[in-house]
Amino acid sequence: MSQLETPLFDVLLKHRNRHPIQFHIPGHKKGQGIDPAFREFVGDNVLSIDLINIAPLDDLHSPKGAIKEAQALAAEAFGADYTFFSVQGTSGAIMTMIMTVVGPGDKILVPRNVHKSIMSAIVFAGAIPIFIHPEVDSEYGISHGISPEAVEKALNAYPDTKAVLVINPTYFGFTADLKRIVELAHNRNIPVVVDEAHGVHIKFHDDLPYSAMEAGADMAATSVHKLGGSMTQTSVLNVREGLVSAKRVQAVFSMLTTTSTSYPLLASLDTARRQLAIHGYDLIDEALRLARDARKRINQIPHLKCAGKEILHSSATYDMDPLKLLISVKDLGITGHQAEEWLRQNANIEVELSDLYNILCIVTLGDTKKEVNLLLNALGRMSKAFDSEAAVTETVVNVPDIPALAMSPRDAFYADTEVVPLAEADNCICAEFIMVYPPGIPIFIPGEIITKENIEYIQMNIEAGLPVQGPEDTTLKTIRVIKERKPII
């Protein structure tokens with residue numbers, strides 16, 4: 001087969017053109033039974049391929065035809081042995097990945113700045129997370145990746161580790177020396193699984209960091225919809241067989257995936273793969289040109305600073321994706337949240353995220369010089385608007401200590417619990433997740449011992465306007481804890 005082909009999309013069009021009489025779900029029957037206003041908006045074409053896993057269209061849970069062919073082409077494009085399509089987002093792929101390599105009581109090394117889906121998977125698996133502090137950037141106040149040195153130290157301390165998880169690239173586009181991490185783990189016959197949610201495109205251009213598969217990782221959950229041109233909620237799970245069984249992956253994947261898979265979403269994966277494989281280099285090349293120009297011009301705007309390769313100085317910041325524009329606004333005398341609001345209200349611009357010191361803007365295959373110029377113009381106007389308040393501001397990086405784990409996250413999640421005032425929860429065992437999102441770094445996970453210092457850290461984040469998420473009490477006046485008040489260890 002050729003990367004020019006789209007077997008799944010083609011079979012859907014062929015089936016649609018037969019105009020079969022449908023006595024199966026979905027009940028809207030090619031749009032005839034759907035709300036007219038919605039049908040007029042989305043159009044008949046997409047509704048005509050909103051079908052189910054009847055024989056001519058193959059079945060994602062047991063692919064033997066068009067889906068199998070589409071996944072094989074994706075594996076070839078990504079350099080994997082096997083690729084599995086996910087319509088459960090990268091979260092579903094991550095959960096499949098983790099539950100494939102660890103089970104009850106198994107230890108898995110994970111960075112502390114993990115996405116909440118990783119912690120959810122660890123709860124489901126009954127595994128024990130061994131956290132590694134990511135490197136923290138003292139200038140921008142963000143978390144980077146984990147270093148090979150930190151991984152080696154953790155593997156020596158926990159020789160019974162069953163798997164290592166790495167975020168590559170990070171949300172902000174920075175990568176660690178993944179090849180070295182893989183080498184360290186593989187020397188101990190330990191699989192390396194990668195949260196590659198923000199790295200679908202890096203395989204397709206020489207000026208970008210190497211991908212998880214190129215680094216020799218065993219699995220990578222790769223979000224195609226974020227930067228690869230497919231529809232929201234679509235991702236792939238790339239697998240290198242050896243330390244991991246593809247049949248085991250398929251079994252776990254089927255446990256976590258809806259049986260009513262969306263064929264428009266699957267078709268968008270098939271066609272996005274074709275575009276990346278055939279035209280990816282040229283499209284990414286243009287996006288890189290736009291991003292480099294934007295970075296240069298942002299750094300010429302008074303009081304703003306856009307991170308570049310000058311901050312690559314360790315094995316935890318080994319390389320970067322230039323398409324991520326991390327823009328520090330702290331010297332304007334405002335927070336990233338204020339900058340986000342100003343851009344929304346004054347320039348109709350929406351950014352990817354904001355935090356205490358920065359905003360993050362992403363240049364993709366879908367951008368042109370027009371959009372970039374609008375962003376640069378808006379940033380220039382914002383700089384002038386706050387010029388009177390501008391002052392060099394010191395970045396205060398306050399990373400809380402990782403709390404001691406008193407019981408497995410799964411045991412804590414299902415234990416008998418009670419609600420207590422947060423201010424009085426010191427020395428209790430947490431029974432819920434508390435994290436700053438985005439990007440979702442846990443402050444507490446179920447099973448960890450609550451400390452006074454981390455209670456103060458939560459209150460500091462609230463006062464700074466950072467979105468603290470996870471607990472049942474959204475006001476964070478109370479917290480759910482294990483009824484056993486004293487730590488187990």
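Is Arg289 buried, partly exposed or exposed? Arg289 counts as partly exposed, because its relative accessibility is 42%. The model you have in front of you is a predicted one, and this residue is a handy place to start looking around.

## Charged pairs along helix H11

Arg289 forms a salt bridge with Glu286, and the closest N and O atoms of the two are 2.8 Å apart. Both residues belong to helix H11, which covers residues 263–298, and they sit 3 residues apart, or about one turn of the helix. Glu286 is partly exposed as well, with a relative accessibility of 35%.

Helix H11 holds another such pair. Arg297 and Asp293 make a salt bridge in which the closest N and O atoms are 3.2 Å apart. Here the spacing is 4 residues, again about one turn of the helix. Arg297 is partly exposed at a relative accessible area of 25%, and Asp293 is partly exposed at 31%.

## Salt bridges elsewhere

The model has a count of 16 salt bridges. One of them brings together the side chains of Arg112 and Glu448, at 2.8 Å from N to O. This pair links distant parts of the chain: Arg112 is in the loop between strand S2 (107–111) and helix H6, while Glu448 is in the loop between strand S16 and helix H15, 336 residues apart. Both Arg112 and Glu448 are buried, whereas Arg289 is partly exposed.

Salt bridges also link Glu139, Lys305, Lys330 and Asp331 into a network. Asp331 offers a useful sense of distance too: Gly31 lies 300 residues from Asp331 in sequence, and their C-alpha atoms are 53 Å apart in space.

## A negative patch

Which residues form a negative surface patch? They are Asp401, Asp426, Glu453 and Glu456. Glu453 is found in helix H15, residues 452–463. With a relative accessibility of 54%, Glu453 counts as exposed, because the cut-off for that class is over 50%.

## Strands and their partners

Strands of a sheet pair through backbone hydrogen bonds, in either a parallel or an antiparallel way. One open sheet in this model has 3 strands in the order S16-S15-S17, with antiparallel pairing. Strand S16 (441–444) and strand S17 (468–469) are at the edges with a single partner strand each, so one side of each has no neighbour in the sheet. Strand S15 (residues 434–436) pairs with S17 over 2 bridges, and Met435 has Gln469 in S17 as its bridge partner.

Strand S7 (residues 219–222) is covered on both faces: Met219 and Ala221 are buried on one side, and Ala220 and Thr222 are buried on the other. Strand S6 (residues 192–196) runs parallel to S7 and is joined to it by 4 bridges. Strand S8 (residues 235–239) runs antiparallel to S7, also with 4 bridges. Ala220 is a good residue to click on here: Val194 stands opposite Ala220, and Asn238 in S8 is a bridge partner of Ala220.

## A mostly covered helix

How many of the 10 residues of helix H6 are buried? The number is 7, so this helix, which spans residues 116–125, is mostly covered. The buried residues are Ser117, Ile118, Met119, Ala121, Ile122, Val123 and Ala125. Just after H6 comes Gly126, with a positive phi of about 75°.

## Backbone details in the loops

The loop between helix H1 (7–18) and helix H2 (36–42) contains Gly31, which counts as buried because its relative accessibility is 0%. Pro26 is found in the loop between H1 and H2 as well, and a cis peptide bond with omega of about 5° joins Ile25 to Pro26. Another cis peptide bond runs from Asn168 to Pro169, with omega near -5°. Pro169 lies in the loop between strand S4 (163–167) and strand S5 (174–175).

Positive phi values also turn up in residues other than glycine. Gln233 has phi near 95° and lies in the loop between helix H9 (224–227) and S8; its relative accessible area of 41% makes it partly exposed. Leu476 has phi near 60° and is in the loop between S17 and strand S18 (478–482). Leu476 counts as buried, because its relative accessibility is 7%.

Conventions. Residues are numbered from 1 along each chain as its sequence is written. This is a predicted model: local features need pLDDT of at least 70, side-chain atom pairs count only at pLDDT 80 or more; totals for chains, interfaces and linings use all residues. Side-chain values use heavy atoms; hydrogens and water are left out. Patches are made of residues with over 30% relative accessible area and no salt bridge: like charges are joined within 9 Å, nonpolar side chains (Val, Leu, Ile, Met, Phe, Trp, Tyr) within 5 Å. Accessible areas come from the Shrake-Rupley method with a 1.4 Å probe; for residues, only the protein chains shown count as cover. A salt bridge is a side-chain nitrogen of Lys or Arg within 4 Å of a carboxyl oxygen of Asp or Glu. Lys and Arg count as positive and Asp and Glu as negative; His and the chain ends are not counted. The place of a charge is taken as NZ of Lys, CZ of Arg, CG of Asp or CD of Glu. Buried means under 20% relative accessible area, exposed over 50%, partly exposed in between (1.4 Å probe, protein chains only). Two strands pair if DSSP finds at least two bridges between them.
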